[in-house]
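Biologist: Please walk me through this model. I will ask short questions, and I'd like to hear the reasoning behind each reply.

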Amino acid sequence: MRIRIACLLLLLAPVIAAAESPWRLGAALGYGERSNPLAQSDDVPLLLDLDIAYFGERFFFDNGDLGVTFVDNAGITMSAMARFNSDRVFFGRTDTKFVVFDAVGAPLSQAIEVVIPDRDYAIEAGFELLSDGPWGFLQLSAFQDVSGTHKGFEIDASYGIGFRFENWYIEPAIGLAYKSKELNNYYWGVRPEEANDALPAFEAADGINARMRLRAAYYFSREWSFALSAEYERLNDNAASSPIVERDSMLGYFAGLAYRF
Amino acid sequence: MKRLLALLLLVPLAALADDTASEAHTLSVKPLLCIVDARTPACEMRFAIRWASDESGYYCVFNELETEALRCWRQAQAGDLRDDRTVAESFSYWLKQGVDAPVLAKATVDVLKKDSDDRRRRRRTRHVWDIL
């Protein structure tokens with residue numbers, strides 16, 4: 001499906017490029033992985049990445065995020081937004097395992113099936129503030145669950161800055177995300193009804209995830225580039241202490257050929 | 001999948017090739033790309049311009065920013081020159097046989113603006129990868 005969309009984007013390229021368009025379309029083909037912090041889980045592979053966004057005067061769609069901009073001036077842009085929570089992405093790649101030892105390493109009388117509990121996507125609504133200048137780019141956001149899934153909220157701050165070196169463009173960025181107790185516990189906690197001898201119940205409190213990212217691109221032309229991306233995100237201590245979490249951080253990377261329409 | 005991969009690998013090579021109006025006349029300009037953003041709104045560039053023709057004659061190199069030729073050659077079949085310029089917008093070089101003569105070959109210097117007027121285009125998305 002993704003390949004068909006990429007082919008369609010390639011065919012549409014001359015039409016889209018003919019005039020300034022509210023659309024932002026791109027595709028990157030290469031190889032990358034994002035580690036999965038969950039126990040009994042697989043890393044998330046990536047071969048093809050698509051960028052599909054539409055920026056109207058007020059309304060915009062950006063790779064799954066929906067927004068309505070109500071302030072846009074020389075200093076800031078502010079929008080009301082809706083999105084899906086991103087923590088759910090790891091729960092789609094878990095495996096079932098049978099263990100013969102309990103959580104503290106004592107032998108069990110019989111093998112127990114350990115299943116990483118499933119979690120749902122949450123629809124979140126909130127506000128986002130953007131600002132930029134010669135000093136870089138700032139993004140602040142606050143989102144509350146409106147789907148009744150985790151009933152929590154998240155506050156996020158990101159800062160990045162770009163550097164040009166001839167045909168290279170390098171953008172380091174850092175960010176912090178505060179996750180409320182309700183959000184953290186929904187995704188990373190273990191309910192009593194999900195617990196057994198090998199997977200103890202766990203209640204997660206609130207916490208702050210920290211991340212840093214480095215994006216680099218070598219531009220062959222305005223449209224074509226070789227893109228590199230690496231991102232490290234550290235889970236907050238409360239989430240990292242969960243018995244369903246094996247690693248306290250996520251590391252992602254990608255290298256590939258990118259086309260911007 | 002293999003065809004798409006081949007296409008993706010071949011097209012950027014084509015993008016690297018210089019613009020030319022015809023095979024009888026070639027105009028090569030290097031570099032062809034300037035990247036600008038809010039902190040560096042223009043590129044200080046030295047262009048290496050080289051032209052060639054199948055036939056000897058009177059040829060001039062122009063650019064879109066000036067009405068007069070950068071340089072002209074008499075009874076020449078090839079030539080080269082350097083042009084130092086501060087670039088903030090895309091523009092083209094042309095090979096012609098005089099001010100009012102038709103364009104024989106053209107090469108366009110592109111400017112890639114990393115900072116859009118619409119700052120929403122720079123937002124970090126919740127996209128799993130957010131590579132592009």
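Biologist: Over how many bridges do strand β1 (residues 23-34) and strand β2 (residues 44-55) of chain A pair?

Modeller: Ground rules before the count: this is a predicted model, where local features need pLDDT (the predictor's confidence in each residue, from 0 to 100) of at least 70, side-chain atom pairs count only at pLDDT 80 or more, and totals for chains, interfaces and linings use all residues. Residues are numbered from 1 along each chain as its sequence is written, while chains are lettered from A and ligands numbered from 1 in the order in which they are written. Strands are DSSP runs (E, at least two residues; helices are H or I, at least four), numbered from the N terminus, and two of them pair if DSSP finds at least two bridges between them. β1(A) and β2(A) meet that rule in the antiparallel sense, and their bridge count is 10.

Biologist: Is Gly26(A) buried or exposed?

Modeller: Gly26(A) is found in strand β1 of chain A, and its bridge partner in β2(A) is Asp51(A). A residue is buried if 20 or more other C-beta atoms lie within 10 Å of its own, exposed if 12 or fewer, and partly exposed in between, with C-beta atoms placed from the backbone. Because 20 other C-beta atoms lie within 10 Å of Gly26(A), this residue is buried.

Biologist: How far apart in space are Gly26(A) and Asp118(A), C-alpha to C-alpha?

Modeller: In sequence, Gly26(A) and Asp118(A) are 92 residues apart. In space, their C-alpha to C-alpha distance is 32 Å.

Biologist: How many residues lie between β2(A) and β3(A)?

Modeller: β2(A) runs antiparallel to strand β3 (residues 59-62) of chain A, with 3 bridges joining them. Ala53(A) has Asp62(A) as its bridge partner in β3(A). The two strands form a hairpin, and the number of residues between them is 3.

Biologist: Asn63(A) has a positive phi although it is not a glycine; what does Asn63(A) count as in terms of exposure?

Modeller: Asn63(A) has a phi of about 50 degrees and lies in the loop between β3 and β4 (65-72) of chain A. With 19 C-beta neighbours inside 10 Å, Asn63(A) therefore counts as partly exposed.

Biologist: And what does Gln75(B) count as?

Modeller: Gln75(B) also has a positive phi, about 45 degrees, although it is not a glycine. Gln75(B) lies in strand β4 (residues 71-87) of chain B. It has 8 C-beta neighbours inside 10 Å, so Gln75(B) counts as exposed.

Biologist: Which peptide bond in chain B is cis?

Modeller: Look in the loop between β1 (25-30) and β2 (33-36) of chain B, where Pro31(B) lies. There, omega is near 0 degrees for the bond from Lys30(B) to Pro31(B).

Biologist: Which strand of chain B gives the most to the largest nonpolar core?

Modeller: A nonpolar core is a set of buried Ala, Val, Leu, Ile, Met, Phe, Trp, Tyr and Cys residues joined through C-beta atoms within 7 Å. The largest one has 32 residues, and those touching the most other members include Tyr219(A), Trp51(B) and Tyr93(B). With 6 residues in this core, the top contributor is strand β3 (residues 43-63) of chain B. Apart from it lies another core of 15 residues, among them Phe202(A), Ala204(A), Ala239(A) and Tyr186(A).

Biologist: How many of the 8 residues of helix α2 (residues 181-188) of chain A are buried?

Modeller: The cover over the buried residues of α2(A) includes β10 (153-160), β12 (168-179), β13 (207-219) and α3 (237-240) of chain A. Tyr186(A) and Trp188(A) are among the buried ones. The helix is mostly covered, and the buried count is 6.

Biologist: What percentage of the 261 residues in chain A are buried?

Modeller: Chain A holds 3 helices and 15 strands. Of its contacts (C-beta atoms, placed from the backbone, within 7 Å) with a separation of 6 or more, 57% come from residues 24 or more positions apart. The buried share is 34%.

Biologist: Over which residues of chain B is the pLDDT below 50?

Modeller: Chain B averages a pLDDT of 84, and 77% of the residues score at least 70. The stretch below 50 has 19 contacts in the model beyond near neighbours in sequence, and covers residues 13-21.

Biologist: What ipTM does the predictor give the complex?

Modeller: The predictor scores the complex with a pTM of 0.81. The ipTM is 0.81.

Conventions: Two residues are in contact if their C-beta atoms, placed from the backbone, lie within 7 Å.
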